[in-house]
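Here are my notes on the model you sent over. Have the structure open while you read, since I go from place to place by residue number.

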Amino acid sequence: MLKRIFMVLMVLGLCVVPAVGSAAEYTQDQILQELERLKQTVKAQQEHINRLESIIEQSLDKKIDAKIEEKIATEKKAAVTLGNTFIDQLDIKGDLRIRYERRDRKEPTTSSAADKARDRFLTRFRIGGVWKNKDENWEVGAGLCTGGNAGTSTNDTWGEEAPFETGDIRIDYAYAKHKTDNVAITLGQQKNPFVCSWLIWDSDLRPTGLTGQYASDLGLFVTLGGYGVILYDDDNTAMMYAGQAGYNHTFGDVRLTTAVGYQHYDSIFSSAEAPNPDYDFQIGDIILMAEIPVNGVNLSPYAQVWNNFGADGVAGTGQRGGNLEPEDEDIGWVAGLTAKMGAIKCGYAYAVVGADSIYGGLTDATFGSGVGGTDLKGHKLDISYGFTKNISAALTVMLYEAAELENQREADMYQFDLNYKF
């Protein structure tokens, strides 16, 4: 305000002094006109000063408001970042599957039992989360699922033991993983870390133990692990040691994966599960997989063969008995092709599982249901359609029978699934 008065007085002084000095030269009317002109000049200058002050004040207000808003936004962003340090690195996903299943089991001609069909509904629900600590290269995952204590199934059968019974929720996986450059170490109950087909290990299997993995930038990979299979008599834990080395690479549009693996079950396991004292479970396998795009269709052929080098003993002392010799039944294989075009996916596979080629307690729980876990041969056909990104329906047909044993059961399995992912 003082600045404004000072400027006005300066203007008046500069204008009035020459006027007074020469007042004698003017008449009274001229003096009055000059004063009026000076008053109008001062008024105009005052209005100009007011406009300048208003512009300056508005500009300062905007700059101050912008600074305040910037500070508030920065504080809010910092608060959100701080509050979501955990949440932003947590990936939660799950799925729900409703299945109708029919199994037509045919008894051997020498049996007096009648053929038997089984119809049932099953639910599979899984949910889990993976938290990644990027600063320390740690990953912790945990998941829940339906099902019983069998490691090869997360299905819950409707009304299995009581009307409208409620199903169980159990641990699906719980592990910690540390990764540095090309090396990863995983400890706990984890998803299958080995490359394999759907048959040799059930897709629900979650090995428990320690896994070390190496993957080079050139496509070479190595996986080694030691796993506690089962605790016998609350005393001794049977172990399985497994390793796999392979290579995967993309050649143009074709992706190729091949690997060689080996599973070694310790003496504690063999002494409890082997059918005779000379028998061990020492299983080697080779797998070859490819992804080939052809005219809008993604083709995925695969083949896997395995051999139980520990299968030994005289005829009739193998896993399935009968007149089979373990050494003659130590090989199994599966070959198949999956094709995907848009929302449609279909596949076909044929498998032969030698009676002593693998430990039957860990193979696919559906293929061979009602017949046996080994000494199998048969077909698997499936087709699915994705209605949306998260909703799909699928039909699977499995037709299988005994591979070598005579007068054995055979079965046809039909499954219709509705899948919801979230």
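The points below cover strand pairing, two loops, the surface patches and the salt bridges.

1. A reminder before anything else: this is a predicted model. Every value below is computed from it, so please read my points in that light.

2. Let's begin with strand S7, residues 208–215, which has a partner in S6 and another in S8. With S6 (residues 183–189), S7 pairs in the antiparallel sense over 7 bridges. If you want a spot to click on, Leu187 stands opposite Leu210 in S7. S7 is also joined by 7 bridges to S8 (residues 220–232), and these two run antiparallel. Here Thr211 has Gly225 in S8 as its bridge partner.

3. How many residues sit between S7 and S8 in their hairpin? There are 4, and Gly219 in the turn has a positive phi of about 105 degrees.

4. Two residues other than glycine also have positive phi, and both are worth a look. Asp234 has a phi near 55 degrees and lies in the loop between S8 and strand S9 (236–251). Is Asp234 buried or exposed? Its relative accessible area is 69%, so Asp234 is exposed.

5. The other one is Asn295, with a positive phi of about 50 degrees although it is not a glycine. You'll find Asn295 in the loop between strand S11 (282–294) and strand S12 (297–308). Asn295 counts as exposed because its relative accessibility is 79%, and the cut-off for that label is over 50%.

6. Further along the chain, S15 is another strand with a partner in S14 and one in S16. Strand S14 (residues 344–353) is joined to S15 by 10 bridges, the two running antiparallel. Within that pairing, Ala349 has Lys380 in S15 as its bridge partner. S15 and S16 are joined by 11 bridges and run antiparallel as well, with Leu376 standing opposite Ala402 in S16. S15 and S16 form a hairpin with 4 residues between them.

7. Those strands turn up again at the surface. A nonpolar surface patch of about 1100 Å² takes in Tyr100, Phe121, Trp158, Ile344, Ile383, Tyr385, Phe387, Ile391, Leu395, Phe416, Leu418 and Tyr420. Strands S15 (376–386), S16 (391–402) and S17 (410–421) each supply at least two residues of the patch. Which strand gives the most? S17 does, with 3 residues. Phe416 is in strand S17, and its relative accessibility is 40%, so Phe416 counts as partly exposed.

8. There is a charged patch too. Asp278, Asp280, Asp312, Glu325, Glu327 and Asp328 form a negative surface patch. One of them, Asp312, has its place in the loop between S12 and strand S13 (331–341). Asp312 counts as partly exposed because its relative accessibility is 30%.

9. Now the salt bridges. Side chains of opposite charge can pair when their charged atoms come close. The structure holds 13 salt bridges. Among them is the one between Asp412 and Lys106, whose closest N and O atoms are 3.7 Å apart. Asp412 lies in strand S17 and Lys106 in strand S1 (residues 90–106), so this pair ties together parts that are 306 residues apart in sequence. Asp412 counts as buried because its relative accessibility is 15%, whereas Lys106, at a relative accessible area of 35%, is partly exposed.

10. Have a look at Glu107 as well. Glu107 forms a salt bridge with Arg105, and the closest N and O atoms are 3.5 Å apart. Are the two partners buried or exposed? Both Glu107 and Arg105 are buried.

11. One more pair, then a network. Arg170 forms a salt bridge with Asp168, with the closest N and O atoms 3.8 Å apart. Arg170 is partly exposed, with a relative accessible area of 35%, and Asp168 counts as partly exposed at 41% relative accessibility. Separately, Asp95, Arg124, Arg126 and Asp204 are joined into one network by salt bridges that share partners.

Note on methods:
Residues are numbered from 1 along each chain as its sequence is written. This is a predicted model: local features need pLDDT of at least 70, side-chain atom pairs count only at pLDDT 80 or more; totals for chains, interfaces and linings use all residues. Side-chain values use heavy atoms; hydrogens and water are left out. Patches are made of residues with over 30% relative accessible area and no salt bridge: like charges are joined within 9 Å, nonpolar side chains (Val, Leu, Ile, Met, Phe, Trp, Tyr) within 5 Å. Accessible areas come from the Shrake-Rupley method with a 1.4 Å probe; for residues, only the protein chains shown count as cover. A salt bridge is a side-chain nitrogen of Lys or Arg within 4 Å of a carboxyl oxygen of Asp or Glu. Buried means under 20% relative accessible area, exposed over 50%, partly exposed in between (1.4 Å probe, protein chains only). Two strands pair if DSSP finds at least two bridges between them. Lys and Arg count as positive and Asp and Glu as negative; His and the chain ends are not counted. The place of a charge is taken as NZ of Lys, CZ of Arg, CG of Asp or CD of Glu.
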